[in-house]
Amino acid sequence: MSEVKMIATRESYASALIELGKKYDNVVVLDADLAGATKTAKFKSEFPDRFINCGIAECNLMGVAAGIATTGKIPFASTFAMFAAGRAFEQVRNSIGYTALNVKIGATHAGISVGEDGASHQCNEDIALMRTIPGMVVINPSDDIEAKAAVFAAYEHNGPVYMRFGRLAVPVINDSPEYKFELGKGITLRDGDDITIVATGLCVSAALEAADKLKSEGVNARVINIHTIKPLDEDLIVKAAKETGKVVVVEEHSVIGGLGSAVCDVLSEKYPTLVKKIGIQDVFGESGPAVKLLKKYGLDAEGIYSQVKDFIKENN
Amino acid sequence: MNKIELQKKANKIRQGIVASVHSAKAGHPGGSLSATDILTYLYFVELKNIDPKDPKKPDRDRFVLSKGHAAPAYYATLAERGYFDPKDLLTLRQIGSYLQGHPDMKGTPGVDMSSGSLGQGVSAAVGMAISAKISNDNYRVYALLGDGEIQEGQVWEAAMLAGHRKLDNLVVIVDNNNLQIDGTVEEVCCPYPIDKKFEAFNFHVIHADAHDFDSLEAAFNEAKEVKGKPTAIIAKSVKGKGVSFMENKVSWHGVAPNDEEYKEAMEELKKAGEALCQK
């Protein structure tokens, strides 16, 4: 077996921006003194005239992006998820969401896999915040291929889009010729009728591993990759709930307000189903190496596997 | 347009403000009346390539009403300029109206940016000005701020970037009526000296009288000559200007006149309008 490629989705974001920049004159990239970390510095060196460093001022960053969008250019406002969705929430809500302006927000360093910087920088709330804004598209890609596809799709979509990227290098899992990114459409990665695991972002690869382990024990888990959290692929989720009876949601995000909540929102109305939410359990993170943190907080393959097993045992 | 004509326009706009706020039974007459002459000058003299029949004309000068609560003045100005029927002013703040309590660019012809949450308009104006620089467009961008509004930190984030990027196609105007909801700006959280603050962010600063069209003309013309710097015009104004019982009264920040007060205000404005016609 060939070695799995590992790429952080923030890298994918930056590469996709360069491709877009080459193709379209109207692409403008903004950052807030994190161009080295968000990787937009690469865009800056290719297209210095279309790169704007706003300095450490994220609220202004969002407003400037909105102003640029009113003139027909397509701005990609880049910073860490904590500052994009958290600090500048109201600017995103009022200057970008309410106006329905064509602004793309590239939020990197989401979740606890930020690692050593600790809880102050580990944003586990951004999906919850962003999905409350009417008209906001929320995308959380699972790997390099999906992240690039998401950036291209965001460019093509007319309206505000929030894209969530990670700091940690993650395995490339979507390198199949059939892979197709469709905004708002989930992807069934494994078929199974015993239980459904709905995963998003960097948790998708761990969910697949967990499913493999379950399979070796005779449990056939369906695995669904939800890259677009809003609009949510409700039909796919309801169908899976009907066919498998139990649903587990896995995300590197608070269990309050994220994909788990979004899935519960749908199922409680359309097909009430027992749902287990695996994620950050209403606590702040802490400093540490990303991989160890994911393990500690139960988001590695082993953690997902054992939580799914417990869930099945408790509810059989 | 000469000064008397501008004064007549401003008088009609003031009547529109009083009528719409009275009809809505809510709104912000004080800061609308203080901003009226500035808006009149902008829409009847200063803004180039604007066309009420083509509100999104790509080469138009842009305007952002950062102090979005002065929406009644904005709407009355846009209506007077021909963007929509002045009769619609009476639908202000009603359910289903395209004249929302604060400007909504999606629904109102002529509104270049939604606003209302203070401090955010300047950033959008900076974005517009940067965009023009990127693609070598010649349009200019104007933003109108309240003097209380500049307590918002985002204003200074935007000012820093504007100065840093030498946006000489950007003019911010501070409607310096000295009053905000809770009292005078000095009492609440003193923003003075406003001029020195903008200078410190590398702006060219001009002082003007917000109710004197000669003074406004001189200020806006001077701004056009400035190269390599954005301009801030600190326009000294009177809150409630034109309706004597509202002038300099903080209590008229955000309440509508009752029927009696409405009548009194309209009589005063109509009389002032008739006097202008005699000139």
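# A guided tour of chains A and B

Begin by selecting A:Asn225, which sits in strand 11 (residues 221-225) of chain A; keep in mind throughout that this is a predicted model. With a relative accessibility of 0%, A:Asn225 counts as buried. If you display its surroundings and set aside residues up to four places away in sequence, A:Asn225 touches A:Ser142, A:Glu146, A:Asn174, A:Gly186, A:Ile187, A:Leu189, A:Ala199 and A:Val204. For one of these, A:Val204, you can check the backbone spacing as well: it lies 21 residues from A:Asn225 along the chain, and the two C-alpha atoms are separated by 6.3 Å.

Next, colour chain A by domain. The domain assignment gives domain 1 (6-171) and domain 2 (187-314), and the centres of the two, taken over C-alpha atoms, are separated by 25 Å. Their contact takes 31 residues from domain 1 of chain A and 36 residues from domain 2 of chain A.

Now move to A:Phe165, in the loop between strand 7 (161-164) and strand 8 (169-171) of chain A. Is A:Phe165 buried or exposed? Its relative accessible area is 2%, so A:Phe165 is buried, the cut-off for that class being under 20%. Not counting residues up to four places away in sequence, the contacts of A:Phe165 are A:Thr9, A:Arg10, A:Tyr13, A:Gly106, A:Ala107, A:Thr108, A:His109, A:Ala110, A:Pro141, A:Ala147 and A:Val151. From A:Phe165, draw a distance to A:Cys59, which is 106 residues away along the chain; the C-alpha atoms of the two are separated by 20 Å.

A:Cys59 leads to a pair of helices, since it is one of the residues in helix 4 of chain A that meet helix 6 of chain A. Select helix 4 (residues 58-70) and helix 6 (residues 89-97) of chain A, whose axes come within 9 Å and cross at roughly 10°. That crossing angle makes helix 4 of chain A roughly parallel to helix 6 of chain A, because angles under 35 degrees are classed in this way. Showing side chains, you will find A:Cys59, A:Met62 and A:Ala66 of helix 4 of chain A meeting A:Gln91, A:Val92, A:Ser95 and A:Ile96 of helix 6 of chain A. By class, this contact has five nonpolar, two polar and no charged residues.

Follow the chain onward from helix 6 to A:Ala100, which lies in the loop between helix 6 and strand 5 (104-108) of chain A. A:Ala100 is not a glycine, yet its phi is positive, at about 55°; with 42% relative accessibility, A:Ala100 counts as partly exposed. Chain B offers a counterpart in B:Asn202, a residue other than glycine with a positive phi near 65°. B:Asn202 is placed in the loop between helix 7 and strand 6 (204-209) of chain B, and at 43% relative accessibility B:Asn202 also counts as partly exposed.

Two further backbone features deserve a stop, one in each chain. In chain A, the peptide bond from A:Lys230 to A:Pro231 is cis, with omega near -5°, and A:Pro231 belongs to the loop between strand 12 (228-230) and helix 10 (234-244) of chain A. In chain B, B:Tyr192 and B:Pro193 are joined by a cis peptide bond with omega about -5°, and B:Pro193 is found in the loop between helix 6 (185-189) and helix 7 (194-200) of chain B.

While in chain B, select B:Ser97, in the loop between helix 3 (71-81) and helix 4 (121-134) of chain B. B:Ser97 counts as buried at 10% relative accessibility, and, leaving aside its neighbours within four places in sequence, B:Ser97 is in contact with B:Thr91 and B:Leu92.

Finish with the nonpolar cores. Which residues touch the most other members of the largest nonpolar core? In this core of 141 residues they are A:Tyr162, B:Tyr43, B:Phe63, B:Ile173 and B:Phe198. The largest core draws at least three residues from each of domain 1 (6-171) and domain 2 (187-314) of chain A. Centre the view on B:Tyr43, which touches B:Ile50, B:Phe63, B:Tyr74, B:Thr77, B:Leu78, B:Arg81, B:Tyr83 and B:Gly110 when residues up to four places away in sequence are not counted. A second, separate core has 31 residues, including A:Val170, A:Ala206, A:Leu293 and A:Phe311.

Key
Residues numbered from 1 in each chain as written. Chains lettered and ligands numbered in written order. Predicted model: local features only at pLDDT ≥ 70, side-chain atom pairs only at ≥ 80, totals over all residues. Heavy atoms only, no water. Axes fitted to C-alpha atoms, helices over the stretch in contact; angles between N-to-C directions. Helix = DSSP H or I, 4+ residues; strand = E, 2+ residues; numbered from the N terminus. Parallel < 35°, antiparallel > 145°, perpendicular 65-115°, else oblique. Contact = heavy atoms within 4.5 Å. Nonpolar A, V, L, I, M, F, W, Y, C, P; charged D, E, K, R; others polar. Core = buried A, V, L, I, M, F, W, Y, C linked by side-chain atoms within 4.5 Å. Buried < 20%, exposed > 50% of the residue type's maximum accessible area, 1.4 Å probe, protein only. Domains from an automatic or database assignment.
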